[in-house]
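I opened the file to take notes on sheets, helices and backbone oddities. My entries are below, in the order I made them.

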Amino acid sequence: MSEPKKLPQLQAVKGMNDILPPDSARWEWLEAQMRSVLQRYGYQNVRTPIVEPTALFVRGIGEVTDIVEKEMYAFEDRADKHGQAEHLALRPEMTAGVVRAMIEHSFLRDSGRRLYYFGPMFRREKPQKGRYRQFHQMGVEALGFAGPDVDAEVILMGSRLLRELGLKDGEHVSLELNCLGEAAERRAHREALIAHLEAHKDLLDEDSQRRLYTNPLRVLDTKNPALQEMANAAPQLLDFLGEASLAHFNGVRAILDAAGVAYRINPRLVRGLDYYNLTVFEWVTDKLGSQGTVCGGGRYDGLIEQLGGKATPAVGFGMGMERMLLLLEEVGVAPAAPTPHAYAIVPSANGLAQVMVALEALRGAGVSVVLHPGQSSMKSQFKKADASGAAFALIFGEDEVARGEVAVKPLRQGMQPEGAAQYTRSISSAADWAAELLNA
């Protein structure tokens, strides 16, 4: 009888990565740091589906963006009994989905909302360091607030978040700022910009020629060194802004100046999505090669109406989690690896039920305890206890258990009460001495 054919090993989709311990602990730390800051500013969590109608992103992001044209995972779902099939997409960004949820549930009817989210996004592009097909973002959306004060508050919040993560302004990250004005101002600038680009059409690369009439602002964002001089000489949108747009921009700047937040005005900063107006901003770094943007956003007052809701002002930003972790690693910011308070050593199965009850009492009191699985030699178990990083070993030897006791052995310097190398505690009253393990 022939051997059964071995099935090929399955692997993750290229550009979609597993996150395993101990790396997952770094993600949990980063998310906790972010939540701490966001909640201090009154932001609440929102969660939306990963799959949305394709039309949401076509209408929200824009048909002539790279995301919709080349990168979005869009597909036709299975037909129902009437032969009708939905056109669906894996979300390439989350602002449009948040706006859809606000409209659908009439969530902006009574007041504005400050929201934040975490989650995976999907774009079909060539995977590289810091740029993946499934990537994760943290983002914030302040919906229903029109003034420059909220723009400034969002930027101040982003600045605080970066500082509390351990990133230094000017050394690790720098803030860039621009104003895109309103639709009429952008139209006037667009005409002047197209005329400038047409005059230099022979210099334009393939991407720039494709965008010349569909999205000329994006040509200014080119990374092609051969186009930099031409892009620098292009008409600047700031020169086309009217009184109201300039007042809004100056209002944002005045607050940032008063708060001591450093920034550089970058007239070529346009962001990659169609829905932005007025204030736009990015934090950039030179520590990650070509993946220089670590956080970016701006105001998008027209998007809610564009997606079928009542005209409502809005501003927000998104931050790539993978890229942020790469930057933190690059500059030497490393959270301490999580370790248990104690490691339970149980060399015999005798009295195991009593041991388990004691461990549950400790956990109920807030102590993290790892139980050694199965029985093995004391030497082996002590080796595992030391490797776990635990501050204490709880030794449930047969003699100790018979007396209703557990031997507590400090494993780290400075943990010994009154210099004791080892001491005993009652098994039945574990909750009463749990604080000793927590506060050592």
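The entries that follow cover the sheet, the helices and the unusual backbone angles.

**Entry 1: the model**

I noted the origin before anything else: this is a predicted model.

**Entry 2: the sheet**

I asked in which order the strands of the open sheet run. I read off eight strands, in the order β1-β5-β6-β11-β10-β9-β7-β8. The pairing is mixed. I then looked for the edges. They are β1 (44-45) and β8 (264-265), each of which pairs on one side only.

Next I went through some of the pairings. β7 (residues 174-179) runs antiparallel to β9, and six bridges join them. I picked out one facing pair there: Asn-178 stands opposite Val-280 of β9. On to β10 (residues 293-299): six bridges join this strand to β9, again in the antiparallel sense. Here I found Glu-282 with Gly-296 of β10 as its bridge partner.

I also checked β7 against β8. These two pair in the parallel sense, over two bridges. Glu-176 stands opposite Arg-264 in β8.

**Entry 3: strand β9**

Is β9 mostly covered or mostly open? I found it mostly covered, with eight of its eight residues (277-284) buried. I kept in mind that in a regular strand the side chains alternate between the two faces of the sheet.

One residue in β9 caught my eye, Leu-278. Its phi is near 50°, a positive value in a residue other than glycine. Leu-278 has a relative accessible area of 5%, so I list it as buried.

**Entry 4: helix α2**

I moved to α2, residues 54-61. Which of its residues are buried? I listed Thr-54, Leu-56, Phe-57, Gly-60 and Ile-61. Looking down the axis of α2, I see these buried residues fall within an arc of 160°, so they line one face of the helix.

I then asked what covers the buried residues of α2. The cover includes the strands β2 (51-53), β3 (74-76) and β4 (87-90). It also includes the helices α3 (66-71), α4 (95-104) and α10 (303-306). Gly-62 follows α2, and its phi is positive, near 115°.

**Entry 5: helix α4**

I took α4 next. Eight of its ten residues are buried, so the rest of the structure largely encloses this helix. I wrote down the buried ones: Thr-95, Ala-96, Gly-97, Val-98, Val-99, Arg-100, Ala-101 and Met-102. Their cover includes β2, α2, β5, β6 (134-143) and α10.

Just after α4 I met Ser-106, with a positive phi of about 50°. Ser-106 is not a glycine. I placed Ser-106 in the loop between α4 and β5 (113-122). Is Ser-106 buried or partly exposed? I have it as partly exposed, because its relative accessible area is 37%.

**Entry 6: helix packing**

I described each helix pair in the usual way: two packed helices are described by the angle between their axes and the distance between the axes.

I began with α5 (residues 148-164) and α9 (residues 243-259). Their axes come within 8 Å and cross at roughly 40°. I therefore class α5 and α9 as oblique to each other. The crossing of α5 past α9 is right-handed. On the α5 side, the contact is made by Pro-148, Asp-149, Asp-151, Ala-152, Ile-155 and Leu-156. On the α9 side I noted His-248, Gly-251, Val-252, Ile-255, Leu-256 and Ala-259.

I then turned to α1 and α5. They pack at an angle of about 145°, with axes 10 Å apart. This crossing is right-handed. Which residues of α1 and α5 meet? From α1 I noted Gln-33, Met-34, Val-37, Leu-38 and Arg-40. From α5 I noted Met-157, Arg-160, Leu-161 and Glu-164.

**Entry 7: a peptide bond**

I closed with the backbone. Most residues other than glycine have a negative phi, and most peptide bonds are trans. Against that, I flagged the bond from Pro-21 to Pro-22, which is cis with omega near 5°. Pro-22 lies in the segment before α1 (23-40). I put Ser-106 and Leu-278 beside this bond in my list, for their positive phi.

How values were computed
Residues are numbered from 1 along each chain as its sequence is written. This is a predicted model: local features need pLDDT of at least 70, side-chain atom pairs count only at pLDDT 80 or more; totals for chains, interfaces and linings use all residues. Side-chain values use heavy atoms; hydrogens and water are left out. Buried means under 20% relative accessible area, exposed over 50%, partly exposed in between (1.4 Å probe, protein chains only). Helices (H or I, at least four residues) and strands (E, at least two) are DSSP runs, numbered from the N terminus. The arc is that of the directions from the helix axis to the C-beta atoms. Contact means heavy atoms within 4.5 Å. Two strands pair if DSSP finds at least two bridges between them. Axes are lines fitted to C-alpha atoms, for helices over the stretch in contact, and angles run from 0 to 180 degrees between N-to-C directions. Angles under 35 degrees count as roughly parallel, over 145 as roughly antiparallel, 65 to 115 as roughly perpendicular and the rest as oblique. A crossing is left-handed if the near helix is turned anticlockwise from the far one by less than a right angle, and right-handed if clockwise.
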